[in-house]
Structure formats: structure tokens, C-alpha cells
Amino acid sequence: MSILSFRAAAPAPRPTTRDEAVARFLSGHSIEVMPRTAAKVADFRALLPAGTRVYVAHIEGTPIEDMVATARRLTDEGFEAMPHFPARIIADAPELSDWITRYRDEAGVSSALLLAGGVTEPRGDFDNSMQMMETGLFDRGGFTRLHVAGHPEGNRDIDIDGTDINVSKALKWKQDFSERTDAEMAIATQFCFESAPVIAWAEALRAAGIRLPVHIGIAGPAKLQTLIKFAVACGVGPSLRVLQRRAMDVSKLLMPYTPDDVVGELAAHKAAHPGFAVEAAHIFPLGGIAQAADWAAARTAPGRARASL
């Protein structure tokens, strides 16, 4: 008998604990700011890990100069700035080209989140992100990463008769586009409060042949009233019931919400199913960026979390 047959079997891999799964799930997360909230932060380096991707939300009425200045500051402080490009507030291709050039040349930006935008009527030629992508301006401008919007619980702006027909068609178009652009692409989603709709939606994407990785939206810690206000305004779907049930529990009504339950469930699913479409987490700091950054740091790198947590 060969001596090799007497070698001890390799030890079985140690099961992943919940904390380990959460830390892995949140590793490399992104976060979001607006120019007016960024202006209140003395130094992002005191809050965020170096290299964090920071989306810069573009709300209608915000001057492009403020957006570019915020992106430039983030780049200078060592972060990857990813500004929003809301189609419905961009007048035409020349204005889109101007934005791309300014972000690239003045702020060192090469990443963008493309979305329709939160206005009902287009300001100019663009009604959706696909029309911006079709111009080819992002490729010609040297943008190497493009994220597109996803809605695990539907999108009231483009759903038809309560179904997601338009959303599904748009995602299939974007999957096809990802195969002819030089940029890396991913789907960045709206936040929700339950894991089950996210898991079902992600599985449906793969079944439909959509292979783009998903960066799932997570609502950061906040007062319950604040979250409900944002959730209703943003059209969050059935998972809003998580907040509604919490609001009915007097013992929890005054306690701040944290996303530990939904993140823990998604992290456990990811650990058990490595092929899960969700690649990363994107944090919406609805209760403030410092609070959201502390929450994430306490679960990924406890030494970074501030004593105020």
C-alpha cells in the first residue's frame, strides 16, 4: 500500500461565522454624498477607508460647478468619485460631452452612475440612460466604469400597469451594451429593507441572462421617521413593511434603525451561494455620512470605528 494513503485528510474548511460573512459582504462597499452634505465634512479621510468609491448624487438644481468641485475634492483625498449623470436634467449631447470632459479634466473622474433621474419631464433630448450610452461619449471620454440603475422592487417611473416589463427590457439592453463598451459595468440599486425580494430579483436576473454584477443599495442607520420619509419619496416597494411593522412597535419606535438584519441575511446567502449576483454593497447614508461610515467600520474594521459609535 502506498504511503500516500496514510496521509491525513485535509481539514474541512471552517464554517463562516455571521460576523465574518458580514465583514466580507461589506468589504469594498461604496457610499453616497451630495455637494451640500460633502461641504459639512472636514476630511473624508477621517471617515472612509482609502480608495472608497463615493457616488456624488446630482439633485436637480445643483450647479455642475458644485458637482465637479465635490468630485475633485474626493479624488484629491484619495477616493474614487462616481458622479451621477441624470438623463432627464441634461439638455443634449453637447452638454453631456461638456460634463464628461469637465469631470475627467478637472476632477480626474473616469466612473459614472447613469440613471434617468428623479424628474418626470425631461429637460431636453434625453429621457433615459440608454440614450446617453448610445452617444458613445463615455467611451470616447475615457470612462472605464459605468454603473446603471436597478430596482429590486420595481420602478414606478417606468413600470407598466404594475409590472416591470420596461425595467426588464432596459436591463437586457444594458447587458448587451456591456459587451460592446470598453467600460466595466454593474447594476447599482435602490435601497430596500428585506433580503427576500433582493434574492428573488437577483436570481431572476441570472435566469433572464443578465450577468452584470449587482451593487445592492443599503439604507444606513437613521431615525425611523427619516427612513420612512425617504422610502416613500424614493418609491421603495413591499419591503417598506419592515419599517411599518417597526413603527407599530412602541418599544422600537424611538430606537434608530440599523440595516444589520438585511445585511446579515444577504451576507449569509452570499456565503452559501458564491455565485450570487450581488457583488458589493452601496450605502445610502440617510442618517448622515458619519453615522453610516461608523456603522460600516464597526463591521469591517473595528479599529476604524470612532468612539462615538
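## Two positions on helix H4

Not counting residues up to four places away in sequence, Glu 106 touches Val 68, Arg 72 and Thr 101. In this predicted model, Glu 106 is found in helix H4, and its C-alpha lies 7.2 Å from that of Val 68, although the two residues are 38 apart in sequence. With a relative accessible area of 37%, Glu 106 counts as partly exposed, because that value falls between the limits of 20% for buried and 50% for exposed.

Helix H4, which covers residues 93–107, also holds Trp 99. Trp 99 has a relative accessible area of 5% and is therefore buried. When neighbours within four places in sequence are left aside, the contacts of Trp 99 are His 58, Ile 64, Phe 85, Pro 86, Ile 89 and Ile 90. One of these contacts, Ile 64, is separated from Trp 99 by 35 residues in sequence and by 7.6 Å in space, taken from C-alpha to C-alpha.

## Overall composition

The protein contains 13 helices and 8 strands, and 48% of its 309 residues count as buried. Its accessible surface comes to about 15,100 Å², with 54% of that area belonging to carbon and sulfur atoms. Among the contacts between residues at least 6 apart in sequence, 78% join residues that are at least 24 apart.

## The barrel and its closure

The strands form a closed barrel of 8, in the order E1-E2-E3-E4-E5-E6-E7-E8, with parallel pairing. From one strand to the next, the twist averages 30 degrees. Strands of a sheet pair through backbone hydrogen bonds, in either a parallel or an antiparallel arrangement.

Strand E1 (residues 30–33) pairs with strand E8 (residues 278–284) in the parallel sense, over 2 bridges, and within this pairing His 282 of E8 is the bridge partner of Ser 30. Helix H13, residues 289–300, packs on the sheet and touches both E1 and E8, its direction making about 175 degrees with that of E1. Strand E1 also pairs in the parallel sense with strand E2 (residues 53–56), here over 3 bridges, and Ile 31 has Val 54 in E2 as its bridge partner.

In a regular strand, side chains alternate between the two faces of the sheet. In E1, Ser 30 and Glu 32 point one way while Ile 31 and Val 33 point the other way, and all of them are buried.

## Strand E7 and its neighbours

Strand E7 spans residues 214–219, and 6 of its 6 residues are buried. Cover is present on both faces, with Val 214, Ile 216 and Ile 218 buried on one side and His 215, Gly 217 and Ala 219 buried on the other.

Strand E6 (residues 184–191) pairs with E7 in the parallel sense over 3 bridges, and Ala 188 stands opposite His 215 of E7. Together with helix H8 (residues 195–207), E6 and E7 make a right-handed β-α-β unit. On the pairing with E8, E7 runs parallel to that strand and is joined to it by 6 bridges, with Gly 217 standing opposite His 282 in E8. His 282 thus appears in two pairings, as the residue opposite Gly 217 and as the bridge partner of Ser 30 in the pairing of E1 with E8.

## Nonpolar cores

The largest nonpolar core has 80 residues, and those with the most contacts inside it are Phe 85 and Phe 138. Not counting residues up to four places away in sequence, Phe 138 touches Phe 85, Leu 96, Ile 100, Ala 112, Leu 114, Met 132, Phe 143 and Leu 146. Apart from this core lies another, of 5 residues, among them Tyr 55, Met 82, Leu 113 and Leu 115.

Phe 85 links this description to the helix described at the outset, for Phe 85 is in contact with Trp 99, a residue of helix H4.

Methods: Residues are numbered from 1 along each chain as its sequence is written. This is a predicted model: local features need pLDDT of at least 70, side-chain atom pairs count only at pLDDT 80 or more; totals for chains, interfaces and linings use all residues. Side-chain values use heavy atoms; hydrogens and water are left out. Two strands pair if DSSP finds at least two bridges between them. Helices (H or I, at least four residues) and strands (E, at least two) are DSSP runs, numbered from the N terminus. Axes are lines fitted to C-alpha atoms, for helices over the stretch in contact, and angles run from 0 to 180 degrees between N-to-C directions. Contact means heavy atoms within 4.5 Å. Buried means under 20% relative accessible area, exposed over 50%, partly exposed in between (1.4 Å probe, protein chains only). Accessible areas come from the Shrake-Rupley method with a 1.4 Å probe; for residues, only the protein chains shown count as cover. A crossover is right-handed if, with the strands pointing away from the viewer, the path from the first strand over the helix to the second runs clockwise. A nonpolar core is a set of buried Ala, Val, Leu, Ile, Met, Phe, Trp, Tyr and Cys residues joined through side-chain atoms within 4.5 Å.
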